[in-house]
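Open your viewer and have the selection tool ready. We will go from the whole chain to a few helices and single residues, one stop at a time.

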Amino acid sequence: MSTLAHTMMTAARSADSGLAGPGGLDRYPYAEAPGAERVGTPAWESADPELGRVGRRTAGSRGRGLHGQLVQQLGQMIVSGDLGADRPLVPEEIGQRFEVSRTVVRESLRVLEAKGLVSARPNVGTRVRPVCDWNLLDPDIIEWRAFGPQRDDQRRELSELRWTIEPLAARLAAGHGRDEVQQRLGDMVEIMGHAMGQGDSLTFARADAEFHSMLIQVAGNRMLEHLSGIVSAALQVSGGPVIGCDRPNETSLGHHARIVEALATGDGAAAEAAMRQLLTIHPEVERVVPSPREH
């Protein structure tokens with residue numbers, strides 16, 4: 001087994017969420033305006049008791065420290081509807097509820113503001129924003145929706161998005177023949193095949209996510225390239241290791257291999273066709289494949 005395959009078999013991928021730039025929430029005081037009516041204050045005590053102390057909860061925190069864990073917890077509560085739209089978020093209450101400092105709360109709210117989940121206004125304070133304002137393409141929000149009450153809608157929307165962009169990316173990538181990229185894609189297929197033989201679905205999923213992300217990145221379209229992280233997130237959520245390839249088998253492995261072969265020969269049509277076949281081999285994707293139109 002190659003060094004790359006060994007690395008993929010033993011290492012886990014991590015993802016960090018960046019902080020918003022200067023400004024944002026720091027422009028306004030966090031305390032509620034004097035005399036402001038505090039309607040709909042979050043019922044922290046009704047939340048999952050395991051969320052009571054940030055330091056105790058590490059699952060899903062992605063190793064980002066206390067502020068990263070608080071982002072994860074508040075984000076999940078907002079996306080699940082536990083903290084509804086226009087709810088006031090009082091930093092002092094958040095700090096007391098989750099036993100974290102004002103600095104941790106400030107950094108966490110800044111990240112949530114960058115994701116479109118909260119906003120801060122003079123004389124109003126920090127409040128939860130409606131769904132229409134959320135950055136629904138943010139990988140964290142994709143994950144939170146995928147494991148919350150909106151999981152079915154998220155699966156459908158991600159499948160529709162993949163069906164729209166990945167066949168095109170495969171066609172475009174065939175016109176950008178680069179030996180090192182083709183070798184890397186071939187390595188991912190090799191890793192998936194080895195993982196399938198070992199019954200290692202987790203490694204299969206990681207190699208699959210790398211394959212699809214890389215394919216979009218080499219399509220030569222910067223707007224599509226921007227979506228590579230979204231596809232990676234889509235492949236890692238919704239109750240299984242991946243969407244569209246979450247049952248490692250010879251069929252899905254063969255479609256991956258055919259994509260690599262088509263890229264090597266510069267056959268964009270074949271690459272696109274193989275990708276469409278790959279994305280339609282499972283029921284959850286078949287439900288969103290557009291029906292043929294009558295002419």
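Accessible areas here come from the Shrake-Rupley method with a 1.4 Å probe, and for residues only the protein chains shown count as cover. On that basis the protein chain exposes about 14300 Å², of which carbon and sulfur atoms supply 50%.

Two notes before we start. This is a predicted model, in which local features need pLDDT of at least 70 and side-chain atom pairs count only at pLDDT 80 or more, while totals for chains, interfaces and linings use all residues. Residues are numbered from 1 along each chain as its sequence is written, and side-chain values use heavy atoms, with hydrogens and water left out.

**The whole chain**

Show the cartoon: the protein chain has 13 helices and two strands. Helices (H or I, at least four residues) and strands (E, at least two) are DSSP runs, numbered from the N terminus. Of the 295 residues, 48% count as buried, where buried means under 20% relative accessible area, exposed over 50%, and partly exposed in between (1.4 Å probe, protein chains only). Take contacts (heavy atoms within 4.5 Å) between residues at least 6 apart in sequence: 73% of them join residues at least 24 apart.

**Helices α2 and α5**

Select residues 65-80 for α2 and 139-146 for α5; the two pack at an angle of about 55°, with their axes 9 Å apart. Axes are lines fitted to C-alpha atoms, for helices over the stretch in contact, and angles run from 0 to 180 degrees between N-to-C directions. That makes α2 oblique to α5; angles under 35 degrees count as roughly parallel, over 145 as roughly antiparallel, 65 to 115 as roughly perpendicular and the rest as oblique. The crossing of α2 and α5 is right-handed (near helix turned clockwise from the far one by less than a right angle; anticlockwise is left-handed). Now show side chains: V71, Q72, G75, Q76 and V79 of α2 meet E143, W144 and R145 of α5.

Stay on α5. How many of its eight residues are buried? Seven are, so α5 is mostly covered. The buried ones are D140, I141, I142, E143, W144, R145 and A146. To see the cover, add α2, α4, α6 (151-173) and α10 (228-234), which are among the elements that provide it.

**G116**

Next, pick G116 in the loop between α4 (102-114) and β1 (118-121). This glycine is buried, at a relative accessible area of 6%. Beyond its neighbours within four places in sequence, G116 is in contact with R129, D133 and W134.

**Helices α6 and α8**

Bring up α8 (residues 201-217) beside α6. The pair packs at an angle of about 65°, axes 8 Å apart, in a left-handed crossing. R162, I165, E166, A169, A170 and A173 of α6 meet H212, L215 and I216 of α8.

While α8 is selected, click S213 in that helix. S213 is buried, with a relative accessible area of 6%, and touches S228 and S232, not counting residues up to four places away in sequence.

**A219**

Last stop: A219, in the loop between α8 and α9 (222-226). Is A219 buried or exposed? A219 is buried, with a relative accessible area of 2%. Leaving out residues up to four places away in sequence, A219 touches A169, L172, A173, H176 and L224. For a distance label, join the C-alpha atoms of A219 and R171: they are 48 residues apart along the chain and separated by 7.8 Å.
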